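Student: Could we go through this one together? I'd like to learn where the descriptive words come from.

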Amino acid sequence: PFDMLIVGGGPAGASAAVYSARKGLNTGVIADRFGGQVADTVGIENFISVSYTEGPKLVASLEQHVKDYDVDIMSGQTVKSISKKDHFEIETDSGAILKSKSIVVATGARWRKMNVPGEQQYSGKGVAYCPHCDGPLFKGKRVAVIGGGNSGIEAAIDLANIVEHVTVLEFSDVLRADEVLQEKARSMSNIDIIMQAQTTEVSGNGDEVTGLQYTDRSTGDSKAIELAGIFVQIGLVPNSEFLRDTIDLTERGEVIVDARGETSLSGLYAAGDVTTVPFKQIIIAMGEGSKAALGAFDYLMRLPQN
Ligand code: FAD
């Protein structure tokens with residue numbers, strides 16, 4: 001068996017792999033797609049010590065760093081389930097079974113999309129999902145935030161300090177965000193909140209976003225707003241469905257980890273966007289990945305020899 005099998009090849013998984021291999025452990029990485037969300041990212045300006053890089057470039061460096069060590073990278077493989085007998089057993093979609101003494105799950109998350117015309121076309125050209133990442137690109141411009149939950153209202157407050165104006169569009173007739181956040185947002189002169197607004201289309205000029213269209217659900221009228229950016233904040237879904245019967249997850253599906261990255265099943269660790277650790281960022285995922293690998297190494301040291 002492997003000493004450590006890492007599920008996921010994003011920043012958290014790559015970081016766990018380097019740390020594991022450097023401990024001399026027999027390490028494998030199994031990933032649907034090496035690089036994870038970073039592969040879909042255009043400009044990255046907050047990966048500290050690198051002023052600017054681009055997703056595909058960072059993915060290539062991640063892969064090179066892992067390949068500097070003797071790590072078995074299995075990409076194009078989706079994990080279907082994990083169970084624990086003598087060793088952990090990972091079953092893939094293709095029916096393969098892999099055995100390991102410890103596991104780090106780093107399967108990340110995916111932003112829920114609006115699924116409206118223009119969203120995909122203008123993703124990275126005005127349509128954004130991460131205010132921490134892309135907020136500064138819209139300095140002095142008008143933007144919308146889709147979604148009035150905690151993440152939407154937090155994004156609006158955050159963005160209002162950078163951009164000229166923020167319009168929040170909420171689908172229902174109530175905001176789900178905490179009252180303190182709502183009060184804060186209402187107190188800011190450059191935030192407007194529109195209720196019962198169903199976004200129907202992202203408009204653009206071929207190169208970038210120029211506005212959006214929505215239906216006012218109270219009247220059925222179609223309306224348009226001109227703006228440069230649209231932050232979609234309608235949920236981040238952890239890729240943890242395959243763990244539902246194996247370990248403790250939160251209601252939202254996040255893997256519950258302790259300070260060392262260990263889950264409710266001894267020897268199974270997790271890191272990055274799939275976990276309860278707040279603030280989903282590359283640099284955080286990398287730190288958490290290395291931490292989980294060190295946690296798993298500690299676990300392995302204490303295993304009776306077999
Ligand atoms: P991910 O990057 O999501 O990687 C998950 C890995 O697990 C992938 O390899 C995937 O294929 C694999 N996987 C998933 N399920 C399975 C399965 N069942 N079996 C096998 N493999 C599986 N952060 C920043 O810090 N700065 C930015 O500028 C920035 N911009 C972003 C822009 C966009 C468009 C997006 C989407 C995100 C951005 N982020 C940014 C967030 C950042 O990309 C994530 O926080 C980070 O990638 C999380 O790393 P991770 O390793 O936890 O997960």
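Student: In which hand does H4 pass H5, left-handed or right-handed?

Tutor: H4 passes H5 in a left-handed crossing. Keep in mind that this is a predicted model.

Student: What makes a crossing left-handed?

Tutor: A crossing gets that name if the near helix is turned anticlockwise from the far one by less than a right angle. Here helix H4 (residues 150-160) and helix H5 (residues 179-187) pack at an angle of about 30°, and their axes are 10 Å apart.

Student: Which residues of H4 and H5 meet?

Tutor: From H4 you have Asn150, Ile153, Glu154, Ala156 and Ile157, and they meet Leu181, Gln182, Lys184 and Ala185 of H5. Sorted by class, that contact has five nonpolar, two polar and two charged residues.

Student: Now the other helix pair. Why are H1 and H6 called oblique to each other?

Tutor: Start with the value: the axes of helix H1 (residues 11-22) and helix H6 (residues 282-301) cross at roughly 40° and come within 7 Å. Angles under 35 degrees count as roughly parallel, and 65 to 115 as roughly perpendicular. The angle fits neither range, so H1 and H6 are oblique to each other. As for the hand, H1 passes H6 in a right-handed crossing.

Student: Which residues make that contact?

Tutor: Among them are Pro11, Ala12 and Tyr19 of H1, and Met286, Leu294 and Phe297 of H6. By class, the contact of H1 with H6 has 11 nonpolar, five polar and one charged residues.

Student: On to the strands. Why do S14 and S16 stand at the edges of their sheet?

Tutor: The sheet is open, with three strands in the order S14-S15-S16 and antiparallel pairing. Strand S14 (197-204) and strand S16 (222-226) each have a single partner strand, so one side of each has no neighbour in the sheet. On average, neighbouring strands here are turned by 25° against each other, direction ignored.

Student: How do you know that S15 and S16 pair?

Tutor: Count the bridges. Two strands pair if there are at least two bridges between them, and five join strand S15 (residues 209-216) to S16. Glutamine 213, for one, stands opposite alanine 224 in S16.

Student: Last one: what surrounds the ligand?

Tutor: There are 38 residues around the ligand, and the closest are Gly8, Gly10, Gly36, Gly108 and Gly272. Elements giving two or more residues to that shell include H1 and H6. By class, the shell has 19 nonpolar, 14 polar and five charged residues.

Key
Residues are numbered from 1 along each chain as its sequence is written. This is a predicted model: local features need pLDDT of at least 70, side-chain atom pairs count only at pLDDT 80 or more; totals for chains, interfaces and linings use all residues. Axes are lines fitted to C-alpha atoms, for helices over the stretch in contact, and angles run from 0 to 180 degrees between N-to-C directions. Helices (H or I, at least four residues) and strands (E, at least two) are DSSP runs, numbered from the N terminus. Angles under 35 degrees count as roughly parallel, over 145 as roughly antiparallel, 65 to 115 as roughly perpendicular and the rest as oblique. Two residues are in contact if their C-beta atoms, placed from the backbone, lie within 7 Å. Ala, Val, Leu, Ile, Met, Phe, Trp, Tyr, Cys and Pro count as nonpolar, Asp, Glu, Lys and Arg as charged, and the others, Gly among them, as polar. A residue is near a molecule or strand if its C-beta atom, placed from the backbone, lies within 6 Å of it.
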